[in-house]
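This briefing examines how a protein surrounds its ligand and how part of its fold is arranged. Please consult the sequence and the structure while reading the points that follow.

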Amino acid sequence: MAKFELEKLVRPNIWKLEPYSCARTEFTGEASTFLDANENPYNDPYNRYPDPFQVEVKKQIVKVKGSTPKNICLGNGSDETIDLMYRIFCEPKVDNVVAIEPTYGMYRVCADINNVEYRTVLLDENYQFTAESLLAKVDGNTKVIWLCSPNNPTGNALNDAEITKILDSFAGIVVVDEAYIDFSSQESWVAKLNEHANLVILQTFSKAWGSAGIRLGMAFASEEIINLMNKVKYPYNINILTQKQALTLLAGKEKVDEWRKIILAEREQLTKELGKFSFVEKIYPTDANFILVKVSDANKLYSHLVGCGVIVRNRNSVSLCKNCVRISVGSPEENKELVKALTSFSK
Ligand SMILES: *Cc1c(COP(=O)(O)O)cnc(C)c1O
C-alpha cells in the first residue's frame, strides 16, 4: 500500500478551496464597538455571532481529553463530523468507503446522501473483525475506513491490535468513532493521535456527557486534517447556547463522572436482572451505556414493552442481530420499570 499523502486523498476542489472569511475571523482582537457583521445591537448576548473556532470550549476540552486545540474540530453533533469526512475526501460516484457491519447507521446514510459507495464487511460471531478482511475490500478509490469502538449496536470494543494493523497498512483515513469510550475499559485512541497521520477520532457530548440536546461532537485528528475540516464546516456551526452549556458542563466535570459511575453500576445490575429471564437467550458483553440482548422473539417482546410504555430499540432486522433488542441503561427508576415490564412478559 502506498504511503499516506493527504493531498492525494482530498477532493481537488476542497484542497484548493478558499474558505469563507467571516467578520469574526478577519478581526479577533479586543475592541469596544463591533460594527463589522451586520449584527443587531440589541438582544445581548444572542445578537452576536458565535466564535467560529470555539477557542474557549476547546481550551477546556483538552484539560479533560488531552490533545491540543489545534487537533480538534467541533461539529453540530458527531453527525456533522461524519458528513464532513465524505465532503472532504470522497468524490461522489467515484470514491468509496469501507465499514464494519453492523454498525452506526449514519455512516451509510451520509454515504448515500453524498452519493459515495459504501462497502461493508460482516463482523464475526463475537462481533470482532480482522484487518485483513477489511483491507480486502479496499481499492485505489477507498478514502475512508469506518470503525466504531465500542461499536453500536453490538456494544463491544473492537480489537485494538486489528485497528493498529489497519492504521499502519491503509493509506487512507481511518475513523474510530468513540461515542461510548467513557463507558469502556479500553483506552481512547486520542493518546496515540501523534503516531498515526491518518487517524480521525470522533467523540460526542451526547452520551456520557448527558447532552444529546445541545448537539456537540468532537473530532480529534492531525492539524492538517483539522484545518481541512475547519475550512469546510459552516463558519458558525456551534451556536452560542451550545458553547455556553459546554463550558458549564466542562467546569462541573465531577457531576459527569458521577453519572458515569451510576450508569456503570446500573449496567451491571441490569445485566444480572436480564439473566434471570428464560426468554433471554444471550446478553452480549458491553463497553457502552447499552446492552444488546438476544431474546426468543424480539418483535413480540418489543410490542409488549411498548404496551407497557417502555421503549427499547428493536434490532431484529439488523445483520447478525436477529431477535436482538438494544436497551439503553437508564436511571435506577427507569431500569426498575423495564424489569417490571420484562417480568410481565415472561408470565
Ligand atoms: C450516539 C452516537 C453518536 C452521537 O452522535 P451525535 O450526533 O454526536 O449525537 C455517534 N456515533 C455513534 C456510534 C453513536 O452511537
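Helix α5, which spans residues 77-89, gives the most to the shell around the ligand, contributing three residues. The model under discussion is predicted. The points below treat the ligand shell and then a pair of strands with the helix that joins their unit.

**The shell around the ligand**
- There are 14 residues around the ligand, and those that come nearest are D177, Y180, S206, K207 and R215.
- By character, the residues of this shell divide into five nonpolar, five polar and four charged.

**Polar atoms facing the ligand**
- Y180 places a polar side-chain atom 2.6 Å from an oxygen atom of the ligand.
- For S206, a polar side-chain atom likewise lies 2.6 Å from an oxygen atom of the ligand.
- In the side chain of K207, an N or O atom is 3.3 Å from an oxygen atom of the ligand.
- On its own the ligand has 390 Å² of accessible area, and the protein covers 94% of that area.

**Strands β2 and β3**
- Strand β2 covers residues 96-101 and strand β3 covers residues 117-122; the two pair in the parallel sense over six bridges.
- Within this pairing, V97 stands opposite Y118 in β3.
- In a regular strand, side chains alternate between the two faces of the sheet.
- Together with helix α6 (residues 106-113), strands β2 and β3 make a β-α-β unit, and this unit is right-handed.

Terms used. Residues are numbered from 1 along each chain as its sequence is written. This is a predicted model: local features need pLDDT of at least 70, side-chain atom pairs count only at pLDDT 80 or more; totals for chains, interfaces and linings use all residues. Side-chain values use heavy atoms; hydrogens and water are left out. Two strands pair if DSSP finds at least two bridges between them. Helices (H or I, at least four residues) and strands (E, at least two) are DSSP runs, numbered from the N terminus. A crossover is right-handed if, with the strands pointing away from the viewer, the path from the first strand over the helix to the second runs clockwise. A residue is near a molecule or strand if one of its heavy atoms lies within 4 Å of it. A polar contact is a pair of N or O atoms within 3.5 Å; within protein, one must be able to donate a hydrogen and the other to accept it, and residues adjacent in sequence count only if both atoms are side-chain atoms. Accessible areas come from the Shrake-Rupley method with a 1.4 Å probe; for residues, only the protein chains shown count as cover. Ala, Val, Leu, Ile, Met, Phe, Trp, Tyr, Cys and Pro count as nonpolar, Asp, Glu, Lys and Arg as charged, and the others, Gly among them, as polar.
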